[in-house]
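Let's take a walk through a protein model together. Keep the viewer open as you read, and pause wherever you like.

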Amino acid sequence: MAKKYIDVMDTTFRDGFQSVFGGRVLMDDFFPAVEAAKNAGINHFEFGGGARFQSLFFYLQENAFEMMDGFREIVGPDANLQVLSRGINTVMLDTGSREMIELFAKMFKKHGTTTVRNFDALNDVNNLAFSAEMIKKHGLDHEVVVTMMDLPPGCKGAHDVAFYEKTLRNILDSGISFDSVCFKDASGTANPHKVYETIAMARKLLGDSVHLRLHTHETAGVSVASYLAALDAGANGIDMAASPVSGGTSQPDILTMLHATKGTDYNLGDLQLDKILKYEERLKECLSDYMIPPEATQVSPLIPFSPMPGGALTANTQMMRDSGDLDKFDEVIAAMKEVVERGGYGTSVTPVSQFYWQQAYANVMFGPWKQIAPGYGRMVLGYFGKTPVKADDEIIKLASEKLKLEPTTENPLDIADRDEKKSIAHWTKVLEEEGLEVSDENIFIAGACDQKGIAFLKGEGPLMVRKGKNNNCSGEADMAGNYTVVVDGKQYSVQVAEGEGNIQISPAQVNAVAEAAAPTVLAGGVGSVEIHSQTPGNVWKITKNPGDTVAEGDVIMILEAMKMEIDITAPKAGKIATINVNVNDSVADAQLLATME
């Protein structure tokens, strides 16, 4: 009897890159490996979406749509090219308006996508309905997702088989159109027994004709066992990656799974060991100049206690390297358990994983619950949909007070549709004002990436690639980033890139309230009250000038750290004497930011 054919999706060029390099791999460097993968007989790839959309514009100064076109040209018209989409976010930084969600589907279809894997981190089925409609409207295959993880020990109320069955039944009852179903475990923490029971439940509920697959990571060390359990329970497909971006925080290696299924009744995509070996050798050559963070290759037995997805873990540790506070990593991971438990048990996958991380980071750096990370706060208040269980009442109250927002049960899409900055008309106007081409692609880039998208389109973004000998493996200070320097009285914005990256220098674009070179000092001199940074970060916005009168608690400036906005406030009523930094400056922990009287 013939072995059961199992569809294999190669996640190397999306999730693999995200899980190991934070998505920062240049297309010209990896395209030869795509050709090698094609020659190895692989015809199903995850090639874009998720955080691999923004990372190209933020760090690589590459157009994601051009990358997708190039990928499609290499693999040919018949390959199944899949992207990852976050329901009402799609690939945007925040909830999209309905017209921007439709533009996502239109553009991704235009640029080579076959299938959209569509998930909601809260498992709120209402958040999947409209994006599913647009995906199907524009001729794409829709893979609907139930997101999984194991809860930290001692926690209960969601993420068991009954919870997943309820979610799947909600999808079926909603009438959402789909072509396949995926159970996605971004943290790799769902234990193999639960995986088996969940897939068996889904197979019974869906019947034999529906394509059913599992996605997991090796982060917690159980991915191979989970995949075998899923296959035994009736899954039709699994996701794998190629070395050196396999294992650890990524998916299990293709060769590993070929070995694990020897002697079984499963045929993994007709893949052959010798051809896969050649492909992995070519990929290793292509990535030889890139820094592989040590944590990306490791299995962590602590991850089930504080579920952190592989795709987010390395991105976060790289940001901590940039900020110089990587020594706090273990404390942040330990702080996540309480954050997950009190936040309503949304699945630890983007964007909720970042909300968890940001709140845990804030709890470590500023003291437990002294600050509320904006994303985490808006989540517990209901602005992204309904959490699996109600968040802790004390945290809801605290979030409402800190963010000055009332809890809501309103459809997030209705909220987004009212936001002018999430409209096509708004971004069309911005492009026109900047003298940039108004195209569907540029509108979506600007809407999805905000000012960093505009910087990319204007050619003003920094190239930040971790490759070459000076890639921060030694723990020395990382100098990449944006800096403001003064030469002969003139101010310049300098973007310092890593490795062999280009360095761009241009006249500084300074915030209107901080026009002079830092520090800006009143005639009366430096103030007696010093205001220091409580964390490493970058100056995102300066809201007060020297001479301005402020009340206690007024925001003087806003830092950005770990994708989190941190308000720097006046400790007392008085007058600003000096502003000691400029917009885009990198600041160290305890650095002097301003003084006042």
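What follows goes from the overall fold to ring pairs, empty spaces and a few unusual spots in the backbone.

A word on the ground rules: this is a predicted model, in which local features need pLDDT of at least 70 and side-chain atom pairs count only at pLDDT 80 or more, while totals for chains, interfaces and linings use all residues. Residues are numbered from 1 along each chain as its sequence is written, and side-chain values use heavy atoms, with hydrogens and water left out.

Let's begin with the whole protein. It contains 19 helices and 21 strands; these are DSSP runs numbered from the N terminus, with helices being H or I of at least four residues and strands being E of at least two. Of the 597 residues, 59% are buried. Here buried means under 20% relative accessible area, exposed means over 50%, and partly exposed is in between, using a 1.4 Å probe and protein chains only. Contacts tell you about the chain's path: among those between residues at least 6 apart in sequence, 74% join residues at least 24 apart. A contact means heavy atoms within 4.5 Å.

Now for the aromatic rings. How many aromatic pairs does the structure hold? There are 26 of them. Rings of Phe, Tyr and Trp (its six-membered ring) pair if their centres lie within 6.5 Å; planes under 30 degrees apart are called stacked, over 60 edge-to-face, and the rest tilted. One pair to look up is F17 with F30, which is edge-to-face at 5.1 Å centre to centre with 70 degrees between the planes. This pair links distant parts of the chain, with F17 in helix α1 (residues 12-21) and F30 in helix α2 (residues 27-39), 13 residues apart. F17 counts as buried because its relative accessibility is 0%, and F30 is also buried, because its relative accessible area is 0%.

Another edge-to-face pair joins F65 and F108, at 5.8 Å centre to centre and 80 degrees between the planes. It too links distant parts of the chain: F65 sits in helix α4 (residues 64-75) and F108 in helix α5 (residues 98-110), 43 residues apart. Both F65 and F108 are buried.

F17 and F30 also belong to a cluster linked by ring pairs, together with F13, F21, F31, F45, F47, F71 and Y290. From F31 in that cluster, you can step across to G70, which is 39 residues away in sequence but 8.2 Å away in space, C-alpha to C-alpha. G70 lies in helix α4, and G70 counts as buried because its relative accessible area is 14%.

Rings can have charges over them as well. A charge sits over a ring if NZ of Lys or CZ of Arg is within 6 Å of the ring centre and within 35 degrees of the ring normal. R24 lies over the face of Y59, 3.6 Å from the ring centre, and the charged end of K184 sits over the ring of F119, 5.7 Å from its centre.

R24 also leads us to the empty spaces. Rolling a probe the size of a water molecule over the atoms shows where empty space is left. On a 1 Å grid over the protein atoms alone, a cavity is a set of points where a 1.4 Å probe fits but cannot get out; a pocket is an open set with protein on both sides within 12 Å along at least five of seven lines; and lining residues have an atom within 4 Å of a point. The structure has two cavities of 30 Å³ or more. The second largest cavity is lined by F21, R24, Y290, M291, Q318 and R466.

Which residues lie nearest the centre of the second largest pocket? They are G382, G385, K386, T408 and T409, out of a lining of 21 residues. Helices α6 (126-137) and α15 (374-380) each supply at least two residues of that lining.

Finally, some backbone geometry. Most residues other than glycine have a negative phi, and most peptide bonds are trans. The peptide bond from S243 to P244 is cis, with omega near 15 degrees, and P244 is in the loop between β8 (237-240) and α10 (254-260). The bond from T350 to P351 is cis too, with omega near 0 degrees. N123, which is not a glycine, has a positive phi of about 55 degrees and lies in the loop between β4 (115-118) and α6.

Conventions
Points joined across faces, edges and corners; volume = space filled by probe spheres on them.
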